[in-house]
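Biologist: I'd like a close look at a single part of this model, please. Pick one spot and build the picture outwards from there, in plain words.

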Amino acid sequence: MAIIECSHCKELYNEDEQFCPYCGEESSIRLAPVRERRYKPQKGRHLILGLPLGKWIAALIFLVAALLIVLCVYICLSLSGKIKDNKGITDNLNSSVIESLTTVTNDSSAKVLSEDALGTTYSSKVKGYNLYSSNELGFKALIPENFKVCMSSDNLYVCSDLSDDGSYTIPCMVINKIEEFNDEVEFLQDRHSAFAKSYSDDNFDLLENLVKFEQGDKTVYEFQFKYTNQGYEIMDTRRAIKVDGVLYSIATIELADKTLAVSDDQVIKFIESFKIN
């Protein structure tokens, strides 16, 4: 049975009717039978969530390529920033680097930052450090750029600050050239005996016996002790090194709880860069 449309009133009715039941007009316009549209998938075509497998593969390839591009850009930017930040900067020292950094003769890049009777402070390529050359003790070494230098008796003090009268403050490094001894062990044994006599048994504590270790191209001997002074517990580390046959004493004085301390890195850079003028 087919459905036809009235040419006059456009209403639909059964084709068996000769006249439109709505307006009475005879109509000859017939509608094609309504056919149900069905989707017939192509043979051999695999679908995932309604999309062909090929499109999923193409999307996956595009995603992987995009991720690789982003990763490459990130690596390039990171390397560029690292090279820029570290240009001319050296944090880990070795003997050849130390040699180049501590040589100021005919080196136009070593800018003089300050100069007085005690010595001269130069800029260096080591981040956070200047090169100090001592007139009195005949050495040069890297010191923290924010540290100051003063002299008392035969000792050179490299300290984080100076008191109002120009004397040293804690923490500090104390450097001295030793002329009355030629042996590192003999010198430190003498220092230990002297310090033990200077302080009573109640506030003198030997933390460790004499030790020996290699620091860069130098052999270092040291011992530690602590004592109480004006209510503060002080950590004192005495070291001895011999450079070109000359014996030097290098000490660090700091609070035992390390709230005011010379860092290990600062001591290491000082010793490794230490050389005779």
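Modeller: Let's start with a word we'll need straight away: contact, or touching, means heavy atoms within 4.5 Å. This is a predicted model, where local features need pLDDT of at least 70 and side-chain atom pairs count only at pLDDT 80 or more, while totals for chains, interfaces and linings use all residues. Residues are numbered from 1 along each chain as its sequence is written, and side-chain values use heavy atoms, leaving out hydrogens and water.

Our spot is Phe-274. Leaving out residues up to four places away in sequence, Phe-274 touches Phe-139, Lys-140, Ala-141, Ile-175, Lys-218, Ile-241, Val-243, Tyr-248 and Ile-250. Phe-274 also belongs to the largest nonpolar core, meaning a set of buried Ala, Val, Leu, Ile, Met, Phe, Trp, Tyr and Cys residues joined through side-chain atoms within 4.5 Å. Buried is under 20% relative accessible area, exposed is over 50%, and partly exposed is in between (1.4 Å probe, protein chains only). That core has 22 residues, and Phe-274 is among those touching the most other members, along with Phe-139, Val-158, Ile-175, Ile-241, Tyr-248 and Phe-270. Elements giving two or more residues to this core include β8, β14 (232-243), β15 (246-255) and α4. Here, helices (H or I, at least four residues) and strands (E, at least two) are DSSP runs, numbered from the N terminus. In soluble globular proteins, nonpolar side chains tend to be buried together. There's also a second, separate core of 20 residues, which includes Tyr-157 and Leu-188.

Now step back one residue. Ser-273 sits in helix α4, which covers residues 264-273. Ser-273 counts as buried because its relative accessibility is 1%. A polar atom of the Ser-273 side chain lies 3.3 Å from the backbone oxygen of Phe-270. As for α4, this helix lies across β7 (129-134), β8 (139-144) and β16, running at about 160 degrees to β8. For that angle, axes are lines fitted to C-alpha atoms, for helices over the stretch in contact, and angles run from 0 to 180 degrees between N-to-C directions.

What about the strands under discussion? They belong to an open sheet of five, in the order β5-β6-β7-β8-β16, with antiparallel pairing. β5 (112-115) and β16 (275-276) stand at the edges with a single partner strand each, so one side of each has no neighbour in the sheet. Two strands pair if DSSP finds at least two bridges between them. β8 and β16 pair over two bridges, and Phe-139 stands opposite Ile-276 in β16. On another pairing, β7 and β8 have five bridges, with Leu-131 partnered by Leu-142 in β8. Four residues lie between the strands in the β7 and β8 hairpin, where Gly-138 takes a positive phi near 70 degrees. Further along, three bridges join β5 to β6 (residues 119-123), and Val-112 stands opposite Tyr-122 there.

Finally, look at β8 itself: six of its six residues are buried. Phe-139, Ala-141 and Ile-143 are on one side, with Lys-140, Leu-142 and Pro-144 on the other, and both faces are covered. In a regular strand the side chains alternate between the two faces of the sheet. Phe-139 and Ala-141, from one of those sides, are among the residues that Phe-274 touches, which brings us back to where we began.

Key. A polar contact is a pair of N or O atoms within 3.5 Å; within protein, one must be able to donate a hydrogen and the other to accept it, and residues adjacent in sequence count only if both atoms are side-chain atoms.
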